[in-house]
Amino acid sequence: MSNHEQSNSSTDKEKNIHTDFTNNMTYGEYLQLDKILSSQKRLSQHHDEMLFIIIHQVSELWMKLILHEINAAIESIEKDDLSTSFKQLARVSKVQTQIIQAWDVLSTLTPSEYMEFRDSLGQASGFQSFQYRKIEFSLGYKTDHVLKIYKKDPDLYEELVKAYESPGLYDVAIRQLKKKGFVIDHNVLNRDYSSLYKENESVRKAWLEVYRDVDQYWDLYELAEKLMDIEDSLQQWRFRHMKTVERIIGFKMGTGGSSGVNYLKKVLDQRFFPELWDVRTEL
């Protein structure tokens, strides 16, 4: 078969490809690409500001999906549908790998390049990411001082307060321990969800028993490991964040007023599911 014949054959096979979208929705319209691709508004004329904006916008989109899946997983666990929650939590972990790798792209920004447009940011900072705060809240890390940042937008503030006062992923996991017959302290099961979770001996003993009898408590064991995957990945994200910031601005103060690298190093010590880390020492 000649090249001309092969070309005609290929064309015939694809003759059903749609090309007339006069009355039909296009790919770009479905994804609203006109809005997405016109949202990169540089405040300086520096070439690398485009990189800076896109990295943070993409990360926020991934965080939106993380919240979508974590909230769904919380609902699934509350309904005792652990198998569905495993799929949802596994997806969270996969998304986290994408956010972690984004720091590798941002680290191509050199200190000299960033200094050319850093002042354009004013006091805007990733510290103010409301979606990141919602992720922290959903994992049980509650700090009321950060809520003040969002009072400028009443609707957003109300949304964040709701997340702040709601049970997190670990709370519903602990309830599963109770449902499976473990003795859990009343003050844990009925705690104020707006307060920072503190380690509890009854919870530690329950998880220890789960890990010592995996066959009997397989669902709880798998749930625990899914939680560990998420916290492990979040800590990796935090570490890469800290090292990328150090690489680009050293120990300068953050644009949002934080101490920068020193603050990011401090949050590495935060733990979301403390008993799940502790049992590893005891096994």
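1. A good place to start is a pair of helices: α7 and α8 pack at about 15 degrees, and their axes lie 9 Å apart. Angles under 35 degrees count as roughly parallel, and α7 and α8 are therefore roughly parallel to each other. Their crossing is left-handed. Please keep in mind while reading that this is a predicted model.

2. Which residues of α7 and α8 meet? From α7 come F130, R133, K134 and F137. They face L156, E159, L160, A163 and Y164 of α8. Sorted by class, the contact of α7 with α8 holds 6 nonpolar and 3 charged residues, with no polar ones.

3. A second helix pair is worth a look alongside that one. The axes of α4 and α9 (residues 169–179) come within 9 Å and cross at roughly 15 degrees. That angle makes α4 roughly parallel to α9. The handedness of the α4 and α9 crossing is left-handed.

4. On the α4 side, the contact with α9 is made by I74, I77 and E78. On the α9 side, the residues are L169, V172, A173, R175, Q176 and K179. The contact of α4 with α9 has 5 nonpolar residues, 1 polar residue and 3 charged residues.

5. Now for the open spaces. The largest pocket takes in about 1300 Å³. Its lining has 46 residues, and those closest to the pocket's centre are H56, A124, S125, G126 and F127. If you would like to find this pocket on the structure, these five names will take you to its middle.

6. Which elements give two or more residues to the lining of the largest pocket? They are α4, α5, α7, α12 and α13, the last of these spanning 261–267. The most comes from α4, with 9 residues. By class, the lining of the largest pocket has 24 nonpolar, 15 polar and 7 charged residues.

7. The second largest pocket has a volume of about 300 Å³. Of its 14 lining residues, N71, I74, A163, S166 and P167 are the closest to its centre. Two of these names have come up already: I74 is part of the contact between α4 and α9, and A163 is one of the α8 residues that meet α7.

8. The elements that give two or more residues to the lining of the second largest pocket are α4, α7 and α8 (154–165). Here too α4 is worth noting, as the largest share, 5 residues, comes from this helix. The lining of the second largest pocket divides into 5 nonpolar, 4 polar and 5 charged residues.

9. How many cavities of 30 Å³ or more does a search of the whole structure find? The search finds 1, and the volume of the largest cavity is about 110 Å³. Of the 13 residues that line the largest cavity, I66, Q96, I99, I135 and L234 are the closest to its centre.

10. At least two residues of the cavity lining are supplied by each of α4 (49–78), α5 (82–106), α7 (130–138) and α12 (218–249). Which of them gives the most? The answer is α12, with 4 residues. As for class, the lining of the largest cavity has 11 nonpolar residues, 2 polar residues and no charged ones.

11. One last pointer for a newcomer: follow α4 through the model. This helix packs with α9, gives the most to the lining of the largest pocket, provides the largest share of the lining of the second largest pocket, and supplies at least two residues to the lining of the largest cavity.

Definitions and conventions: Residues numbered from 1 in each chain as written. Predicted model: local features only at pLDDT ≥ 70, side-chain atom pairs only at ≥ 80, totals over all residues. Heavy atoms only, no water. 1 Å grid on protein atoms, 1.4 Å probe; cavity = no way out; pocket = protein on both sides within 12 Å on 5 of 7 lines; lining within 4 Å. Points joined across faces, edges and corners; volume = space filled by probe spheres on them. Nonpolar A, V, L, I, M, F, W, Y, C, P; charged D, E, K, R; others polar. Axes fitted to C-alpha atoms, helices over the stretch in contact; angles between N-to-C directions. Parallel < 35°, antiparallel > 145°, perpendicular 65-115°, else oblique. Left-handed = near helix turned anticlockwise from the far one by under 90°. Contact = heavy atoms within 4.5 Å.
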